[in-house]
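Hi everyone, thanks for coming. I'd like to walk you through one structure today, so please have a look at it while I talk.

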Amino acid sequence: MTRIRQRLHVNGVVQGVGFRPFVYATASELALSGEVSNDSDGVIIEVEGTPAAIEEFTRRVWQRPPPLAVVEELSTEPVEPRGGTGFRIASTSHQAGGRTLASPDVAICADCLRELHDPADRRYRHPFITCTNCGPRFTIIRELPYDRSSTTMSGFPMCVACAAEYRDPADRRFHAQPIACPDCGPTLALLDGAGHLHGEDALARARELLATGRIVAVKGIGGFHLACDATSSAAVAALRDRKHRPSKPFAVMVRDLPTARRIARINDTEARVLTSPQRPILLLAKNAPLDPGVAPGIPDVGVMIAYTPIHHLLLGLPGDPPGPDVLVMTSGNLGGEPIAYRDDDAIERLDSIADAILLHDRPILVPCDDSVARVVDGTEMPLRRSRGYAPLPLALPIRVPPTLAVGADVKNTCAVADGRYAWLSQHIGDMDDLATLHALTTTEQHLQHLTGVEPEQIVIDAHPAYRSAAWARRHAGERPVHLVQHHHAHIAAVMAEHGLDDTESVIGLAYDGTGYGTDGAVWGGEVLIGGYKDMQRFGHLKEVPLPGGDVTVRRPYRMALAHLHAAGIDWDEDLPPVAACPVAERQVLRHQLDTGLGCAPTTSMGRLFDAVASLAGARQVVDHEAAAAIELEGHARQHPSASCYPYVLADGIADPAPLLAAVIEDLRAGASLAVIGARFHAAIARLSIQWACDARASSGLGTVALTGGVFQNPLLLALARHGLEGEGYRVLTHRRVPPNDGGIALGQLIVAAMR
């Protein structure tokens, strides 16, 4: 019988995801001889056997890889037959010039969870149980190819039993690099006022503290969390006070889907996302009483299912003493700081917040916050793309030269690209802290190191005062630095997600809080027409003065008064923002608005949402951006079919003055916050449709892209999308990167490449 030999080169996420064991098992099943090895360009396979068997082998590698693998490219070439029998896994080679894709961190799998619960298993209650199908990857990898020596597990020699599993092709832990057991580490430790505890004693003490209302800092996969009992008012209040986070919602963690269903309403799509290997925080409608302080003033709560063995042990296994089964699990930091991930840093920064620190001796190489998502109309929409997703590549619709994009100053992520792929970093944070700028440096360096991309150019936001842009200029050296307008980048990002090429144009609706416009104004309620290379401004909200910059973001009543002033509406004492503004501040504010002193013109849709929320009686002062608008949207959901408020749209410019007057009329007639909110959302959805129709009449385009942080609003997004689809538009929304500034680096890469 004719025998041939074929060499396969496989690129993609094919290391650390059980790919070599899969190849070994598949080749053995098809009676093929040969070998498989990792190298710096992915995986190389040589198989020898009948042509039919090799054809079937190739088909399975391409079409049926392991669940966590992503095969991006597969090439084959004939080689000389060598004969022989059996298939083997060869040692790793380090070929220069290749590129392998690192796997994200993966939630504990069902098999490991079953062993964690099994008293007869040697890994019973082991906090670091993992296998080929789960566990840390991205946060422990120093370099590729992916081998134990290239990870932070290199300091933990395998015991005899683990080494036997590691070498056994039939074992689930075959070449699982983070493999460990109680005999070969890592180990837990707990630090509190009473001293140091280790192992099971540390875990028992942590559970005891949580059960008695204390706060525990917990080291996970990508950094530290701050945990407390989510049903304890005293614990939640103490955490808010110590973390300096007055009202921004906390996420909660539960052990399983049934527990999640007790506290939130969950449909089938949401259940799938919650239990996926990525295990993001998912925003869900509240279903049962948690402490009101967990997510005050809004109908949603962020829920995640435990994704590490440590989390499952904290929530308790059968036979453990009673303890909380819903834990607040929020980032281990003070507001505005990056997440703590090194032990010494956590001890220093979290000591004033936590009553105890539960840590372990497996180092975290790169910090990685939890991802956040929500489901809108049956489609997952990322709000923060981080753990579980980074650093998976995104396919690009055009070729991009080696490029670094540094994103924006809020919700920052950076990205590198080369050819037809881009790699977005994990969430870094807001660029208003020196520690976050340092985190940008280390993140960018690690991303380049893992991907092998050596950027020849850098892309920044056009805002002249962005810290991320200043950072890029300091690090550019001789490389050119390209500016991309903020909203152009937003629209390009959603276009790229959907694979639009460089010949296509769209009508882009970009709604957010702040973006530097080409005229120097603060844009944010924009209609742009064009493609990757160029976009023209077709319409926008009417300019109003933004008095005082960031202070107005924190005090929505100031934005309401600015909008009333621009609309020629008196500041009557019965209006909530007028009552909320101290008299002395009111006098200064009026002088600013009358003279333009300290004011910048803005077309921001986000600030209009703030103004209406304040005017309707929602929050007047907030501790995080869009808090008042989020509360308004939460109430507005009660009336999904409300009639819309009036507005004026002429020559592409939308004037909300009639809308504001109608809100005041409703308010004085006794309308609820829910009714006012619903009518306002209906008006903005109707305005979006009208803008698109006018733009289509002008351009002939039938595709609309919805982007910007305001389109995180699920009610507005659903209303606008349904209305536009009803008018026959193809509507593009975000599915792989956030609509907020966390996705803007993707758009920057594409726009710069076209120039």
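Let's start with the rings: how many aromatic pairs does a search of the whole structure find? It finds 7. Before we look at some of them, keep in mind that what you're seeing is a predicted model.

Take Tyr24 and Phe174. Their ring centres are 6.3 Å apart and the planes meet at 55°, so we call this pair tilted. Tyr24 sits in helix α1, while Phe174 is in the loop between α4 (160-167) and β6 (188-192), so the pair ties together parts that are 150 residues apart in sequence. Buried or exposed? Tyr24 is partly exposed, at 23% relative accessibility, and Phe174 is buried, at 3%.

Next pair: Tyr511 and Phe711. Here the centres are 4.9 Å apart and the planes are at 20°, so this one is stacked. Tyr511 belongs to strand β22 (residues 506-516) and Phe711 to the loop between β29 (703-707) and α22 (714-726), so parts that are 200 residues apart in sequence get tied together. Tyr511 has a relative accessible area of 0%, which makes it buried, and Phe711 is buried too, at 1%.

Back to Tyr24 for a second, since it has company: ring pairs link Tyr24, Phe87 and Phe174 into a cluster.

Rings can also have a charge over them. The charged end of Arg696 sits over the ring of Tyr729, 3.9 Å from its centre. Then there's Arg342, which lies over the face of Tyr341 at 5.4 Å from the ring centre.

OK, on to the sheet. In what order do the 5 strands of this open sheet come? The order is β4-β1-β3-β2-β5, and the pairing is mixed. Why is one side of β4 and of β5 left without a neighbour in the sheet? β4 (70-79) and β5 (87-89) stand at the edges and have a single partner strand each, so there's nothing from the sheet on the other side. On average, neighbouring strands here are turned by 15° against each other, ignoring direction.

Zoom in on β2 (residues 33-39) and β3 (residues 42-49): they run antiparallel, and 7 bridges join them. Find Asp39, and opposite it you'll see Gly42 in β3.

Two helices go with this sheet. Helix α1 (residues 19-29), where we met Tyr24, lies across β1 (4-13), β2, β3, β4 and β5, and it runs at about 175° to β5. Helix α2 (residues 51-63) packs on the sheet as well, touching β1, β3 and β4, with its direction at about 160° to that of β4.

Now, cysteines. How many disulfides does the structure hold? It holds 0. Look at Cys131: its closest cysteine sulfur, in Cys109, is 3.6 Å away, and that's too far for a bond, because a disulfide needs the two sulfurs within 2.5 Å. Cys181 tells a similar story, with the closest cysteine sulfur, in Cys159, at 3.5 Å, again too far for a bond. Cys131 is buried at 0% relative accessibility, and Cys181 is buried at 0% as well.

One last stop: His624. You'll find it in the loop between α18 (605-616) and α19 (627-636). With a relative accessible area of 11%, His624 is buried, because the cut-off for buried is under 20%. What does His624 touch, not counting residues up to four places away in sequence? The list is Ser247, Lys248, Pro249, Arg554 and Arg619.

That's my tour, thanks for listening!

Key:
Residues numbered from 1 in each chain as written. Predicted model: local features only at pLDDT ≥ 70, side-chain atom pairs only at ≥ 80, totals over all residues. Heavy atoms only, no water. Pairing = 2+ DSSP bridges. Helix = DSSP H or I, 4+ residues; strand = E, 2+ residues; numbered from the N terminus. Axes fitted to C-alpha atoms, helices over the stretch in contact; angles between N-to-C directions. Contact = heavy atoms within 4.5 Å. Buried < 20%, exposed > 50% of the residue type's maximum accessible area, 1.4 Å probe, protein only. Phe/Tyr/Trp six-rings, centres within 6.5 Å; stacked < 30°, edge-to-face > 60°. Lys NZ or Arg CZ within 6 Å of the ring centre and 35° of its normal.
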